[in-house]
Amino acid sequence: MFLKMLKRGKNMKPGAESNSASGLADWVAERAGGLERKRTSLAVGGEVWHRTFVVHGWPQAVSPEWLRPLVREPLPEGCSLRIAVHYRPARVDWNWATNMRVRRLERSVQSAAESGSPPSPDEVRALESIRILQEKTLYHGAAVFDVWCVVTVSAASPEALEVASSRLEKVCRNARIAVSRAPYEQTDAFMAGWVVGVPDGEFFKRHPGRLADEDSAAALYPFTYGTLDDGTGIYIGNRAADDGDGSFIFLDLERDPEGNKNFVVLGASGEGKSTFMKSLLTSLLLEEYQCFVFDVDGEYRFLCNQVGGLWVDHTLSSGRYVDPLRVPPPLGDPNEDAARLDGVLNAVMRTASLLAGGLSPAEANAADRALMRLWEKCGVRRDDQGTWARLNERRVHDWYAQLKALANEGAPGAGSLADKLWRFFEGAQSRMFAVPDDVDFGGSPLVVFHVAQTVNNELEEHTAAVKMSLALTSVWDAVRRNRIRGNRWSAVFCDEGQRLLLDPNASRFVNTLATTIRKWNGLLVLATNKPSVLWAHAEGGTEGGSGLWSNSAYKVLFWLEDADMMAVEKNAELPAPVLSTIRKLRRTHRFVLRVLDKGFDVLKLSLPAEELALYKTRGLAEER
Ligand SMILES: Nc1ncnc2c1ncn2[C@@H]1O[C@H](COP(=O)(O)OP(=O)(O)OP(=O)(O)O)[C@@H](O)[C@H]1O
Ligand SMILES: [Mg+2]
């Protein structure tokens, strides 16, 4: 899979060999009269050529027997073979992710059986393997190991090395053992073939071992991960048109790394939008995306708890918020890092403007000046990034204090702005910004922001919009951080998108995400029951909705109420047969999937009962 290749590719740059291993190799080379590192071999002293193969695909059963064909194979004159096997204790976590995979696998095998077609042999085998492994580790307390194997061929000339290598590769193919010539990693691989020269853990991380139980003959646990999504992408539904064959459909989101992978999900209440979102969310979590959810109703709480996610309550009553003065830690990207202080300035100005309901030029200047005074007071200097973190000890209240001081000095604009903001910092509204949240998303697979919608209460509207805007900024930071620091993929989910899009600031943010998140290895998923928010020129249309509509490779269309369907008919440019299909989908939980440049299909999610139950939980009332 592309994602995994990316992760590995990152570590496999030419010359990126580890120091400990090359140190030993140099020691050997020095005594042997020189070492020449080639892409897939090592030449020692110009006399002996070595090539080390790493086993990455193992036969069905791992027992001492499996090596026999290798050692039996006669090699050309003067060539030798060395095989090294490493064992390390492994841990199998029977956590939610494993259980989810097993259930989906079961479901897939079971539905094949129901439809009368033979299930995929790979899936059946994977399922059996997991069950055996589960039985052994969970119920009988058996120990498991990760096993690695490397095979080194040595020859007296490069030509002989080629002949011996080809022969070995052929034997492995016949024995169903997959080996790699380990390009650019020959030193590490060579060391792994020595009892004393075990390379550092990084090498083993790059080349995951094969899980074996005490009998060395158990299941391919990591392999089961691949049966549902390796190479085929994520599960998106079963073909469900009247003439559909019920087959499972997968989407390979990373096949086109340049294109956008955004989703827009449309449908009337109760048709299955949230269920779709949560299923997609689960699939992306299984692919190790970091996911962010903006949850207006608190209906993701249960799922969040189940997957060990971070629940961030930024509703009005919680008093929690992200402080606009917060300076994110440096990323290692010069441009991004240099822009961090401007980020604070923007956040402060936006906060002031949202709270005050707009700023006059004099008020904007006063807000700016108050911030500069605060910088000065904290010793923050624009030209010295090392001083910026000092702002993290301050809160937006300190900025307000500077503003008031300016007002006392009679600075233009400061008095009127301080008056407008008084109620949020000193008046009854001040509890809204009671607890600054030090949002550190690093370790969480899932971060759910429980945010208040901007309601029709004028007072609350301001604070909700500010909290939302600050939360959005911190998510955008995290997405960029994921890309720059870890080459990690991110996904941002907005359920009940029509409510978010009502907030002009959030709408602008959705627009930015929709148009640029692909460059940051990310995707945006937004669901709404009000399709008109998606077309700026339609009544109730929004900027963010429009940006998403024209920048979403995947459209998911459930049945819609008549009035909403008319909006779709008018604006969505869908062919007539597709429109009439959508009209027939009511209460079937089926949806039309439109994939950019690929056409349409009618699908339905076929989810295990346990998974459906996990998604059903709604609202905070059901918190357990
Ligand atoms: N594929 C499916 N198979 C079985 N049940 C489903 C499926 N999709 C949805 N449901 C059920 O339908 C009900 C409504 O689904 P869901 O909450 O996802 O709808 P929604 O479109 O998000 O509605 P709302 O707009 O009210 O939030 C839930 O009880 C859910 O379990
Ligand atoms: Mg819903």
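Okay, let's start right at the ligand: a polar side-chain atom of Lys273 sits 2.8 Å from an oxygen atom of ligand 1. That's a polar contact, meaning a pair of N or O atoms within 3.5 Å. Quick housekeeping: this is a predicted model, where local features need pLDDT of at least 70 and side-chain atom pairs count only at pLDDT 80 or more, while totals for chains, interfaces and linings use all residues. Residues are numbered from 1 along each chain as its sequence is written, chains are lettered from A and ligands numbered from 1 in the order in which they are written, and side-chain values use heavy atoms, leaving out hydrogens and water.

Back to the contacts. Ser269 has a side-chain N or O atom 2.6 Å from a ligand 1 oxygen, and Gly272 joins in through its backbone, with an N or O atom at 3.0 Å from an oxygen of the ligand. On its own, ligand 1 exposes 630 Å², and the protein buries 81% of that (Shrake-Rupley areas, 1.4 Å probe).

So who's around it? There are 14 residues surrounding ligand 1, each with a heavy atom within 4 Å of it. Helix 10 (273-286) and helix 23 (609-616) are the elements giving two or more residues to that shell, and helix 10 has the largest share, with 3 residues. Helices here are DSSP runs of H or I, at least four residues, and strands are runs of E, at least two, numbered from the N terminus.

Zooming out, the protein chain has 23 helices and 20 strands. Of its 624 residues, 52% count as buried, which is under 20% relative accessible area with a 1.4 Å probe, protein chains only.

Key
A polar contact is a pair of N or O atoms within 3.5 Å; within protein, one must be able to donate a hydrogen and the other to accept it, and residues adjacent in sequence count only if both atoms are side-chain atoms. Buried means under 20% relative accessible area, exposed over 50%, partly exposed in between (1.4 Å probe, protein chains only).
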